Amino acid sequence: MINGGKPLSGTVQISSSKNAILPIISACLLTADECIIKDIPGLDDVFVMCDLISSLGSRVEANIRKRELYISTPEITGHTAPYELVSKMRASFLVLGPLLARAGKAKVALPGGCPIGTRPVDLHLKGFEAMDAQIEYGNGYIEATARTGRLKGSRVYLDFPSVGATENLLIGAVLAEGCTSIENAASEPEIVDLANFLNKMGARIIGAGTDTITIEGVDRVHGAEHAIMPDRIEAGTLMTAAAITGGDITLRNVVPEHLKPVTAKLLEAGMEISESLSEIRIKGVPRPFPLNIKTHPFPGFPTDMQAQFLALMARAQGTSVIVETIFENRFMHVNELRRMGAQIRLDGRTAVIEGSENLQGARVRATDLRAGAALILAGLAARGTTEVQDIHHIDRGYEFIENKLQRLGADIKRM
Ligand code: UD1
């Protein structure tokens, strides 16, 4: 429940990255040794991933006060990622790579549709086939087996730089026989964090963060300690919250380099931004300038920030155009934002937004994680009261978002 209209001000600490920690937890399956993951974010998706690897043989302990996870997997005792988990959280599919690498076989449910598109996994599977895995389909599951018991290094070209496929193949290639190169690989910062963790475990990976990653397979890897990178999407969301309310906030624990595409657009919209090594300060203006945005793989504008910018542009002084190129159905928030008075025309993957001075509070429904964040932002700027329902979507990826916003002066509470 949000009473809008208060400019945000103050300082906020950014949590660690959801999208970085999920593949890293999965990568712990590669070794029997203990791995220590530090600075964990307290997010529903993290707990789901821990449950999943526990069902595969991992022992997972959490020290919530120290924000640490201790994971060891003496042996792989299960090989199946069930539909209940994969349909709830698509990142569950990332256990395929480590299971194939360590145990030579895996059975993983096909993710199927999700609110933001069909999201196929063909690139993951083509990659593992190139690495000599046999893939069979049946009853909604894929069963993958390394033909000789061990994956074989290979040249894998991705038709699209998929984040998940790059991560899955990267983890799988660590224990493969020989050298693997992933070409047209995703270059998101979360891939670099994963590769850094794997290298600490004894993997031999170069090129993460570029479009070609080379992995020299090793016979075994060992335990490692790793602190997760800051969440660039949480940071971008809070920057947009400052922008939409005309506020002035400072974010701590950020990597400004990761936020370049977001910062560039906020500057273009008229915000004042200053950066130091791990902090960003953003000062808003009464109404932003309109923008043209197209989502792209990193270092392009992130699809995970599209919904929040759409909310921001609903208050712009003019007409904005946002084109979504990554997911085919990622405009579920548009109908909800219209209920708050936003003027948006949709044509396929393009949204045209006529900015208006005021949004109005309304009862709206979060349809997915970032759509939910966009509705909170709209509520912070709107006149009157906004009630956002189905906030479990938001809890998947934002840690105590209402507490962070309250500390910045927002009138928001969880009912
Ligand atoms: C990850 C992020 C998600 C982000 C997305 C794009 C995690 C846990 N999630 O999702 O927040 O929005 O990257 O930056 O890190 N595709 C195929 N075939 C495949 C794989 C993907 O066609 O085998 C398509 C997808 O349908 C989608 C596009 O490629 O249209 C991007 O998907 P991908 O980069 O794989 O996203 P995820 O890893 O699922």
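The following exchange goes through how terms are applied in a predicted model.

Modeller: Residues are numbered from 1 along each chain as its sequence is written. The model is predicted, so local features need pLDDT of at least 70 and side-chain atom pairs count only at pLDDT 80 or more, while totals for chains, interfaces and linings use all residues, and side-chain values use heavy atoms, with hydrogens and water left out.

Biologist: Why is the pair Glu225 and Lys38 called a salt bridge?

Modeller: The term requires a side-chain nitrogen of Lys or Arg within 4 Å of a carboxyl oxygen of Asp or Glu. For Glu225 and Lys38 the closest N and O atoms are 2.8 Å apart, so the pair meets the cut-off. The pair links distant parts of the chain: Glu225 belongs to strand β14 (residues 225-227) and Lys38 to strand β3 (residues 35-38), 187 residues apart. Helices (H or I, at least four residues) and strands (E, at least two) are DSSP runs, numbered from the N terminus.

Biologist: What makes Glu225 partly exposed?

Modeller: Buried means under 20% relative accessible area, exposed over 50%, and partly exposed in between, with a 1.4 Å probe and protein chains only. Glu225 has 43%, so it is partly exposed. Its partner Lys38, at 27%, falls in that class too.

Biologist: How do you know that Asp219 and Arg150 form a salt bridge?

Modeller: Their closest N and O atoms are 3.3 Å apart, so the distance is within the limit. Asp219 lies in the loop between β13 (212-216) and β14, and Arg150 in the loop between β9 (141-146) and β10 (155-157), 69 residues apart. Asp219 has a relative accessible area of 66% and is therefore exposed. Arg150 has 25% and is therefore partly exposed.

Biologist: How many salt bridges does the structure hold?

Modeller: The structure holds 22. Another of them pairs Glu257 with Lys260, with the closest N and O atoms 3.3 Å apart. Lys18, Asp45 and Arg396 are joined into one network by salt bridges that share partners.

Biologist: Why is Ser26 called buried?

Modeller: Ser26 has a relative accessible area of 0%, so it is under the limit for that class. The residue lies in helix α1 (residues 18-27). Not counting residues up to four places away in sequence, Ser26 touches Met49, Ile53, Leu94, Val95 and Pro98, where contact means heavy atoms within 4.5 Å.

Biologist: What makes the approach of Ser26 to Leu94 a polar contact?

Modeller: A polar contact is a pair of N or O atoms within 3.5 Å; within protein, one must be able to donate a hydrogen and the other to accept it, and residues adjacent in sequence count only if both atoms are side-chain atoms. The side chain of Ser26 reaches the backbone oxygen of Leu94 at 2.8 Å, so the distance is within the limit.

Biologist: How do you know that Asn168 is buried?

Modeller: Its relative accessible area is 0%, so Asn168 is placed in the buried class. Asn168 is found in helix α6. Among the residues that Asn168 touches, not counting those up to four places away in sequence, are Phe93, Leu94, His124 and Phe128.

Biologist: Which residues that surround the ligand are the closest?

Modeller: Of the 17 residues around the ligand, the closest are Asp122, Leu123, Ser162, Asp304 and Ile326. A residue is near a molecule or strand if one of its heavy atoms lies within 4 Å of it. Helix α5 (122-130) and helix α6 (163-173) each supply at least two residues of the shell, and α5 gives the most, with 3 residues.

Biologist: What makes the link between Asp304 and the ligand a polar contact?

Modeller: An oxygen atom of the ligand is 2.6 Å from an N or O atom in the side chain of Asp304, so the pair is within the cut-off. Taken alone, the ligand exposes 750 Å², of which the protein buries 86%; such areas come from the Shrake-Rupley method with a 1.4 Å probe, and for residues only the protein chains shown count as cover. Polar side-chain atoms of Arg90 and Asn19 lie 3.0 Å and 3.1 Å from an oxygen atom of the ligand.

Biologist: Why is Phe400 called partly exposed?

Modeller: Phe400 has a relative accessible area of 48%, so it is in the middle class. The residue sits in the loop between α13 (392-395) and α14 (401-407).
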